[in-house]
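Biologist: I'd like to learn how to read this model feature by feature. Could we start with the charged side chains?

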Amino acid sequence: MVAALILLLLTSCKKDGQMLTVINEDGTCVRELTKHVSPRDLIDSDIYPDNGKEAKMEDWEQTWSLMGEDTRYPMPMTQEQYDSIQRNYHGEYVPEMVLKHYKRVFPSVEDMSNNLPINNSMLKVEGSLKKHFKWFYTDIEFNETYAYNDSTFYFPIPLDRFISADSASYWFTGQPDLSQKRSGAELKELLDEIEGKVSKWINANLFAEMYDYVYIENYDKIKNSPVSKERFIALRDTLAMSPAILNQQPYNNGKTIMKVINDYFKSDAITSAICLYDSIDTHYTKHGQIMELFLDYDLVMPGKVRDAGMGLYDGEVIHYKLTGDRLIPGSYTITATSRVTNIWAFVVTLLVIAIAVGSFFYRKKK
């Protein structure tokens, strides 16, 4: 399980779905989430009666489609449709062949950001849309910022104790770009160095969380403790930053953590009284929810895109990645700016010029 957390934080996760956001020139917007779901969220049948409707998403238009096809079908899927797909794709798991779509039109970006179509109470989301009128054109700036809810999710040992803010941001988000003017070998050396420090940070936090959620909360269970509770709490960061903890390898089942505590206090009274594995379960339940966030985030802006922020623009759509690890260094903002041409401004300007020229020749003729 220790290895699993390290892999979640150091590498990419399985894609959770695709979220398309369309910003209209008048300020309204459309959001659509597309993802695979279980049969319970697809079918209305004897086995799953009245399912496939998802009451919490009742304000969203819900449809389904076969992968690779554009045709959308109304929800819920019937048992006959499900069986037909099963026959046509014999041996395949139907939910892996089907995509479910959730679509909704919002009057404003703020309203859209307050109704994120993913169930994650650990996120704070704020959106805004600003227009800058410049007569012949209007610049439209879109921002949507994602951050952890600090009351439910935090790392007790700060990341900046191990690496700089720029290095942390580059590792988790790709910005700022630290690869510039570096050779391939130099970039690998930089990434290896950052990875080593991030691994130490993860180890320190794993220890600190176990220390907090198990040993402190259950300290009264310890008989003949070699140290007072207050002193034990005060020593958390000291032990978390010890070389044995920072350099521990995965798959050791907590043996290193137990050994560090036993060796430091010269007693096994603490570790023998507490179940270490309960803390591991608590740790993973909390962190796993946010680390599972992995969305392809596509954005369509009105007019001509002038700045895609951290996204990649293909001429029509701006592509971003919205993942849990991108939020670790701090808030993560999806941002883009586009320019809309005000045709009416050109018409008015030409009319004014035409009237002015006409008036000049009219006066001259008289």
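Modeller: Sure, rule before example: a salt bridge is a side-chain nitrogen of Lys or Arg within 4 Å of a carboxyl oxygen of Asp or Glu. By that rule, R161, D212, R236 and D237 are linked in a network of salt bridges. Keep in mind that this is a predicted model, where local features need pLDDT of at least 70 and side-chain atom pairs count only at pLDDT 80 or more, while totals for chains, interfaces and linings use all residues. Residues are numbered from 1 along each chain as its sequence is written, and side-chain values use heavy atoms, with hydrogens and water left out.

Biologist: How many salt bridges does the count come to?

Modeller: The count is 11. The general idea is that side chains of opposite charge can pair when their charged atoms come close. Take R72 and E32, whose side chains meet at 3.0 Å, N to O. R72 sits in the loop between strand 3 (61-66) and strand 4, and E32 in strand 2 (residues 29-35), so this pair ties together parts that are 40 residues apart in sequence. Helices (H or I, at least four residues) and strands (E, at least two) are DSSP runs, numbered from the N terminus.

Biologist: Are R72 and E32 buried or exposed?

Modeller: Cut-offs for that: buried means under 20% relative accessible area, exposed over 50%, and partly exposed in between (1.4 Å probe, protein chains only). R72 is partly exposed at 40%, whereas E32 is buried at 12%.

Biologist: And what about a salt bridge inside one helix?

Modeller: Look at K188 and D192, which meet at 2.7 Å, N to O. Both lie in helix 6 (residues 184-216), four residues apart, about one turn of the helix. K188 counts as exposed at 52% relative accessibility, and D192 is partly exposed at 39%.

Biologist: Which residue forms a salt bridge with K321?

Modeller: D296 does, with the closest N and O atoms 2.5 Å apart. K321 belongs to strand 11 and D296 to strand 8, so the pair ties together parts that are 25 residues apart in sequence. D296 is buried, with a relative accessible area of 13%, while K321 is partly exposed at 33%.

Biologist: Now strands. How do I read a sheet?

Modeller: Start with pairing: two strands pair if DSSP finds at least two bridges between them. Here eight strands form an open sheet in the order 4-3-5-2-1-8-11-10, with mixed pairing. Strand 4 (73-74) and strand 10 (312-313) stand at the edges, each with a single partner strand, so one side of each is left without a neighbour in the sheet.

Biologist: What surrounds strand 8 in that order?

Modeller: Strand 1 (residues 17-23) runs parallel to strand 8, joined by six bridges, and G17 stands opposite L295. Strand 11 (residues 318-323) is antiparallel to strand 8, again with six bridges; there, D298 has H319 as its bridge partner. Strand 8 (residues 294-300) is mostly covered, with six of its seven residues buried. As a general rule, side chains in a regular strand alternate between the two faces of the sheet.

Biologist: What is the order of the open sheet of four strands?

Modeller: The order is 6-7-12-9, with antiparallel pairing. Strand 6 (123-133) and strand 9 (304-307) are at the edges with a single partner strand each, so one side of each lacks a neighbour in the sheet. Strand 6 pairs with strand 7 (residues 137-148) over 11 bridges, and F133 has T138 as its bridge partner in strand 7.

Biologist: Does T138 do anything with its side chain that I can look up?

Modeller: Try polar contacts, meaning pairs of N or O atoms within 3.5 Å; within protein, one must be able to donate a hydrogen and the other to accept it, and residues adjacent in sequence count only if both atoms are side-chain atoms. The side chains of T138 and N342 make one of 3.1 Å. N342 lies in the loop between strand 12 (332-341) and helix 13, and is buried at 6% relative accessible area.

Biologist: Why is helix 5 called largely enclosed?

Modeller: Seven of the nine residues of helix 5 (residues 165-173) are buried, so the rest of the structure largely encloses that helix. Among the buried ones are Y170, W171 and F172. Just after helix 5, G174 takes a positive phi of about 90 degrees.
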